[in-house]
Amino acid sequence: MSDLVFDVKNVTLRFGGVVSLNDVTMEHRRGEILAVIGPNGAGKTSLFNSLTGVYRPQEGTITLSAREGHPISVIGRGAHRIAAAGVARTFQASRMFSALTTFENVKIGAESHRGIGAVGAMLRGPATRRDEKASDDKTMELLEFVGLKDQANVLSASLSYGARRRLEIARGLATSPVALLLDEPAAGTNPAEKLELANLIRRVRDELGVTILLIEHDMKLVMSVAERLYVLNFGSVIATGTPEEIRANPAVIEAYLGSSETQTSEAS
Ligand SMILES: Nc1ncnc2c1ncn2[C@@H]1O[C@H](COP(=O)(O)OP(=O)(O)O)[C@@H](O)[C@H]1O
Ligand SMILES: [Mg+2]
């Protein structure tokens, strides 16, 4: 049996009459770069929200094994618990504190994870000062890793789209996650920035050992980075396989027919 970080079985999620996920079964192996693709409205973000405890599917099971042999059930646990268990994510729409610097945005991620809240930051005793140094060092390491060290002290609002996307990845990594879920990380970026992002995603896995789940519209990027893919259409998994298998799959070609522009355009 392979070692799975996420084991999703027969998950169905409904909103009133809308079926967002229909009997979805998915295995995410430890250390794998796995992608979820599909047309707009297919259920990709709903799946992320279900994996992270934000949505609560009515049927099925989601088992998270942040550590091998220590499974927990995701459904019914809050988003905070899943994050604390080792799952970090970025959002489809960029979320950062634009009035803060690049450095501050990443440091907040590191501190919130360690439970040093705003109060802790104000009541700086000797212990928290030591923590402070540790989170400063970690923040700079991460900024260097994502190529933003030189822009540590600029306001994040002034960063290019590509740099903002890398900042969000650094912020996700600040919690030292086991798994990082990226929801359309290349949205709004130009071709050169997409290449940088592809390289960064590979390095996150190769150098930091983080398991990666990627939602991405850009076919070129997703096919170059993902080792395996699941294709969603109207909430159902219609195909799974390697990039080569997916490209040749008639059901996938059919699902994308007539929507070829949405594959390469910026995400909505
Ligand atoms: N919070 C919600 N309330 C109602 N419907 C939702 C909610 N979240 C997602 N949906 C519905 O689920 C379907 C899938 O949406 P989504 O997961 O965002 O798709 P994708 O990310 O693939 O574009 C859509 O029909 C969407 O309207
Ligand atoms: Mg989405």
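1. A good place to start is the surroundings of ligand 1: its shell divides into 3 nonpolar, 7 polar and 1 charged residues. Please keep in mind as you read on that this is a predicted model.

2. Here is the membership of that shell, for your setup: F15, V18, S20, G38, N40, G41, A42, G43, K44, T45 and S46 surround ligand 1. Which elements each supply at least two residues of the shell? They are β2 (18-29) and α1 (44-51). The largest share, 3 residues, comes from α1.

3. The helix α1 also has a place against the strands. It lies across β1 (4-15), β2 and β4, and runs at about 65° to β2.

4. Now to the sheet itself. It is open and has 4 strands, ordered β2-β1-β4-β5, with antiparallel pairing. Each of β2 and β5 (72-73) has a single partner strand and stands at an edge, so one side of each is left without a neighbour in the sheet. As a general reminder, strands of a sheet pair through backbone hydrogen bonds, either parallel or antiparallel.

5. For the pairing of β4 (residues 59-64) with β5, look for 2 bridges between these antiparallel strands. Within it, T63 stands opposite S73 in β5.

6. One last residue to look at is G188, found in the loop between β7 (179-183) and α7 (191-208). Is G188 buried or partly exposed? It counts as partly exposed because it has 16 C-beta neighbours inside 10 Å, where 20 or more would make a residue buried. The C-alpha atoms of G188 and A93 are separated by 9.8 Å, although the two residues are 95 apart along the chain.

Key
Residues numbered from 1 in each chain as written. Chains lettered and ligands numbered in written order. Predicted model: local features only at pLDDT ≥ 70, side-chain atom pairs only at ≥ 80, totals over all residues. Near = placed C-beta within 6 Å. Nonpolar A, V, L, I, M, F, W, Y, C, P; charged D, E, K, R; others polar. Buried ≥ 20, exposed ≤ 12 C-beta atoms within 10 Å, placed from the backbone. Pairing = 2+ DSSP bridges. Contact = placed C-beta atoms within 7 Å. Axes fitted to C-alpha atoms, helices over the stretch in contact; angles between N-to-C directions.
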